[in-house]
Amino acid sequence: MTDTAFELAALRAQRTRQLSPATRGAVAYVAERLGQRLVEVNDPGGSICHTLGWADGYEPLPYEETFSVRRLSPVPQLALATCIGLCWRDRDASPYPGEAVPFNDAVEANVALGVDRKHVVGALRGELQFAGLLVESDEGLRLGPSVAAWPPAQVELLRRTANSLPRGAADG
Amino acid sequence: MSDDIQLGLGFSGRERTPFLRRLSALVAPVASDAGAVIDDEEMLDVARAVCGAFSHQDAAGGLTRAQIAARVSGACPAEVLDARLNVFVRLGLLRSLMDKKHQQRYVLDPAGYVGVLVFDRIAHRGGIDELRALLDRTADAIRSKQGSVAEVADALESCRAGFAVYANRLQQLVADATLAELVAERGFDADDRLYQTAEELQTLVTDLYPELDTPAWKLVEEALRYVDAAEGLLQRVLSEGGLALNFDQLDPEEYLTAARGASLDELAVVAVDVVFDPATPWVDAGAIIETLEQYQPRRASRERPSDPPPSPDTDPIARIQTHAAGVAKRCALRADALLAGKPEVELTDALRAAGWPAAGHMLADILALDTAKEQPYRVRFSDALYVDAEAPLTYISPAVLCADRTAAVQPNAGDVPAVAQERAA
């Protein structure tokens, strides 16, 4: 296995990985040929690392019958939408990494929407973090590297409908 | 001998499969030259088909070549079948029904049929079953004391030699063979039952032929060496195959057995070196927006329905009492009107003048007053009867209404006047 192939496999397996300058270009080149792109993200220590995302126009179309994917159930999706609404304050910038929001604020914002508190906590602490969509630190919750990997077209669609994102107390 | 043959090529230059290599080795002791053995497994299928053609009762009278060809139809091309039949006839697998010239009917020699079975078993299992059978036959002979000391010694030596040959071969494979060769040879039996059988045989010999204890012990040593070598081969297959992630090394049945019988930790070892994508459920902006639009919070618990609006009616008992009092008052007023201040009055004329049904209503009201103890009004009827077929009242008894105001009983507060009850009835 070549270094590039190894780095690419490790990047997929770890979701985020620090790439050396020597291999970064080669990995980006191979990823581009696969319809993907390298995205810079911050690891928990604050240093720069990378993750893989789909290039615009190359992402799979899960709505077609030929591509079956596992989807988030409504509660985690609602919890994610709330966290995006809370963390993504500057709508002109990229949603990642956004601003940290206290965990309890995110919970209360969802409870205010009528979601069961226990289910919200489970989604915020479990599925959304396992999927890399949220990251929890001492500061609170932030959007995760999987959000950073969203194609620009998806981000633009989210930006156009950003007003519908719940924002907790700010909604009131 | 050329290098090509040593590399596993057959006499025709085609590469021999492991099956054919065993087959060649099996036949080598009786082959007159190196080209005596087929180098195509399909040729053995032809032999099976020909044997199968003779496996029914109607073959008792022999079969012609045409009948054989018809029964093995599809097994091989006609010219190949003809060539094979010539070989079978020359080697005696097929014999003429009668030893005459131009005899066209053939019968199958049972030895040839058994030969096909033996080839299948030895070629696929490596012949270790023959060694097991030899051990069992030797043990039976010793138990029944059928053989002399020399014969038992020869049998023990044959068994030991068999184990030694197999053990040497396995040790050479474990040391030098490629993974593919090891997989092809993994039919060797690593079960230590062979070793146990050899041990039992040695115990038997020690008891019944103490002078043969030494060759019996050598047999046990060789059996142990064989089992160790077979286990070494399997270990190498599993370890190298596992590293290479070659899932073809085990049969589907073996995978099924592992899935049913192995522990979670044992099964997890299979994927220790496998790299997986992390679990990433699909979520995009469109899905989030759709969820926001469609989400409706579920009610956590049932709410008690709101109280019904208060009834516009007042107390129903009081309403009944008020209504009854009104009725009683109206009847009393009517009676007073009839009396016109007199203590009693003749009602007959008034009733006849009222007609029907007004006379009935009037009489019912006055009779209701008569039954009420608290009212002073009484009605008396005479025994006379006025009959007038033309008038609205065709017949009526003369009635007198009187009022005894001194004997009237004052009603208690809340009592429903009897006159009202009568009217209600």
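A residue is called buried if 20 or more other C-beta atoms lie within 10 Å of its own, exposed if 12 or fewer do, and partly exposed in between. I open with that definition because my first residue, Gly147(B), falls in the middle class: it has 15 other C-beta atoms within 10 Å and is therefore partly exposed. Gly147(B) sits in the loop of chain B that runs between α7 (128–143) and α8 (149–176). If we set aside its neighbours within four places in sequence, Gly147(B) is in contact with Ala141(B), Val152(B) and Ala155(B).

Before going further, I should state that this is a predicted model. Its scores are ipTM 0.85 and pTM 0.43. For chain B, the average pLDDT is 79, and 85% of the residues score at least 70. One stretch of chain B calls for caution. Over residues 1–7 of chain B, pLDDT stays under 50, and the model has three contacts beyond four places in sequence for that stretch. Where pLDDT is low, the predicted coordinates should not be read in detail.

Let me now describe the two chains in outline. Chain A has 172 residues, of which 36% count as buried. It contains seven helices and five strands, and along the sequence these follow the pattern α-β-α-β-β-α-α-α-β-β-α-α. Among contacts in chain A with a separation of 6 or more, 56% are accounted for by residues 24 or more positions apart.

Chain B has 425 residues, and 20% of them count as buried. Its elements are 18 helices and seven strands. In chain B, taking contacts between residues at least 6 apart in sequence, 65% join residues at least 24 apart.

I turn next to a pair of helices at the start of chain A. How do α1(A) and α2(A) pack, and at what angle? Their axes are 9 Å apart and meet at an angle of about 75 degrees, where α2 covers residues 21–33 of chain A. Angles of 65 to 115 degrees count as roughly perpendicular, so that is the description for α1(A) and α2(A). From α1(A), the contact draws on Asp3(A), Thr4(A), Glu7(A), Leu8(A) and Leu11(A), while α2(A) supplies Thr23(A), Ala26(A), Val27(A), Val30(A) and Ala31(A). By class, the residues of this contact are six nonpolar, two polar and two charged.

Just after α1 (3–14) of chain A comes Arg15(A), in the loop that leads to β1 (16–17). The phi of Arg15(A) is near 75 degrees, a positive value in a residue other than glycine. Most residues other than glycine have a negative phi, and most peptide bonds are trans. Is Arg15(A) buried or exposed? Arg15(A) has 20 other C-beta atoms within 10 Å, and it is therefore buried.

Chain B offers a counterpart in Ala340(B), which lies in the loop between α15 (316–339) and β3 (344–346). Ala340(B) also has a positive phi, near 55 degrees. With 7 other C-beta atoms within 10 Å, however, Ala340(B) is exposed.

A glycine with positive phi appears in chain B as well: Gly92(B) follows α5(B), and its phi is near 90 degrees. As for the helix itself, α5 of chain B has 14 residues, 78–91, and at 1.5 Å a residue it should span 20 Å. The end C-alpha atoms of α5(B) are 20 Å apart, so the model agrees with that expectation.

Two peptide bonds also deserve attention, one in each chain. In chain A, the bond joining Tyr96(A) and Pro97(A) is cis, with omega about -5 degrees. Pro97(A) belongs to the loop between α3 (74–87) and α4 (103–112) of chain A. In chain B, the bond from Trp356(B) to Pro357(B) is cis, with omega near 15 degrees. Pro357(B) is placed in the loop between α16 (348–354) and α17 (358–371) of chain B.

Finally, I come to the place where the chains meet. How many residues does each chain bring to the contact? Chain A brings 29 residues and chain B brings 20 residues. On the side of chain A that touches chain B, the elements giving two or more residues are α1, α3 and α7 (152–160). Of these, α3(A) gives the most, with five residues. That side of chain A divides into 17 nonpolar, seven polar and five charged residues.

Methods. Residues numbered from 1 in each chain as written. Chains lettered and ligands numbered in written order. Predicted model: local features only at pLDDT ≥ 70, side-chain atom pairs only at ≥ 80, totals over all residues. Helix = DSSP H or I, 4+ residues; strand = E, 2+ residues; numbered from the N terminus. Expected span 1.5 Å × (residues − 1). Contact = placed C-beta atoms within 7 Å. Nonpolar A, V, L, I, M, F, W, Y, C, P; charged D, E, K, R; others polar. Axes fitted to C-alpha atoms, helices over the stretch in contact; angles between N-to-C directions. Parallel < 35°, antiparallel > 145°, perpendicular 65-115°, else oblique. pLDDT = per-residue confidence, 0-100.
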